[in-house]
Amino acid sequence: MRKNYGDWPAKSIYRRTFLLAASAALASAQVSRADEPNETSLSQRAEKKGLSFGTQVNSGPLFSLKPYHDAVLRDASMIVPENEMKWRPTQPTERQSNYFNADRIARFAEDNALLLRGHTAVWHQNPPVWTKDIITSDEGQTVVLDHARELIGHFRGRVMEWDVVNEAIAPEDGMPDNLRNWPPYNKGGIDFIADCFHAAREADPKANLYYNDYSVYYQSQGRRRDAILSFLEKLKSRGAPIDGFGIQSHLIANAEFDENVYRRFLSQVADLGLKIRATELDVSDVRLGPDIDLRDAIVAAHTKLYLDVLFDEPAVIGLVTWGMTDRFSWLHEGWPRKDRLTQRCLPLDENFAKKPMWYAIAEAFDRAPSR
Ligand code: G3I
């Protein structure tokens, strides 16, 4: 089912700017198309500036497809499982936990000296089927808290950063404090979410704890920005042990992006004393025509525009992409192109060759101020 990532604007007043940027990106892309095997990796470039680069991984291809496995190791110093740590796969029945795939990824991280992000303990979208009636009952909050403790406790000492709560804000639902209309939030409100953070801290005192959410980047998403800022303020004022805000960054090429609005939002989050990480970057090309070079150029130009603003904010500590290669992206199912072509939304193409988006990320790290 298509997921709504907010009211992306239908037309862009910045089209001309994008086309200019796109032709520049296209020119540089054509020069840099041939991969250089010893080129400095994304994580090396990030680390030079005191930032980090990571990617989401899926255990299927990670352990069966060598070019994918190698691509992850070449560029990333941090990984996050796409689905393997979510509630449904880790607790398929009430009495049975299954950490097989999540544990494999954790071991892969340790064997290769990669940092591990945990995603995600509390998310309205992913409770297992067996919780259906419990979630709506008086036990709803307890079962969610127990799960958070169990999951985070299982990986105690091994995960550097957890998305403790994911996507709890939905102003369109019309609930108090703009919380999503989900029974545990309806009953417990922000105090319940603060409890989730306390449970996470007890389960793993050393992990950094994040709130993670989407659709705060574009002009039209002011209502979500305001709601999330006010939510983060309330969480902090209740003493919730929250260390950071994860900005998912599911972007759309050619959407209207006002850098001043976004700069201000980032600095307001920073003023709350929170670290910021872009946690799920990809750039959908659903609005673009089929031409591959043009799509790649516009996606790269949009990536550049966004990352230059992001990295200027000193509270930003790194970037994670929601995949490395166009071969595997949730967008193909979640937000398909009308012409059914594969979206060119990630740094590497379907055959693991670097695309202009890879170079846009690399150059954004090169330009970023040092931390
Ligand atoms: O688990 C079943 C499996 O048993 C079955 O064989 C298979 C057949 O289609 O479906 C499997 O479930 C799918 C699951 O991914 C694992 O592949 C679900 O249908 C599918 O909806 C699920 O999608 C994931 C989605 O989160 C929901 O969990 C995407 O892969 C994943 O990329 C996406 O990631 C989210 C982040 O967690 C939060 N932010 C947004 C982001 C994109 O939607």
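Which residue in E6 does Asp213 stand opposite? In this predicted model, the partner of Asp213 is Ile247 in E6.

**Strand E5 and its neighbours**

Strand E5 covers residues 208–213 and is mostly covered, with five of its six residues buried. E5 pairs in the parallel sense with strand E4, residues 161–166, over five bridges. Within this pairing, Leu209 in E5 has Trp162 opposite. Between E4 and E5 the chain passes through helix H9, residues 183–203, in a right-handed β-α-β crossover.

E5 also runs parallel to strand E6, residues 244–247, to which four bridges join E5. The connection from E5 to E6 leads through helix H10, residues 222–237, and this β-α-β crossover is likewise right-handed.

The two strand pairings are set out below.

| Strand pair | Bridges | Sense |
|---|---|---|
| E4 (residues 161–166) and E5 | five bridges | parallel |
| E5 and E6 (residues 244–247) | four bridges | parallel |

**Packing of H9 against H8**

Helix H9, the connection between E4 and E5, also meets helix H8, residues 140–154; the axes of H8 and H9 come within 9 Å and cross at roughly 20°. Angles under 35 degrees count as roughly parallel, and H8 and H9 are therefore roughly parallel to each other. The crossing in which H8 passes H9 is right-handed.

On the H8 side, the residues in contact include Gly140, Val144, Leu145 and Ile152. Those on the H9 side include Pro184, Phe192, Cys196 and Ala199. Charged residues are also listed in this contact, among them Arg149 in H8 and Asp195 in H9.

Terms used
Residues numbered from 1 in each chain as written. Predicted model: local features only at pLDDT ≥ 70, side-chain atom pairs only at ≥ 80, totals over all residues. Heavy atoms only, no water. Buried < 20%, exposed > 50% of the residue type's maximum accessible area, 1.4 Å probe, protein only. Helix = DSSP H or I, 4+ residues; strand = E, 2+ residues; numbered from the N terminus. Pairing = 2+ DSSP bridges. Right-handed = clockwise from strand over helix to strand, strands pointing away. Axes fitted to C-alpha atoms, helices over the stretch in contact; angles between N-to-C directions. Parallel < 35°, antiparallel > 145°, perpendicular 65-115°, else oblique. Left-handed = near helix turned anticlockwise from the far one by under 90°. Contact = heavy atoms within 4.5 Å.
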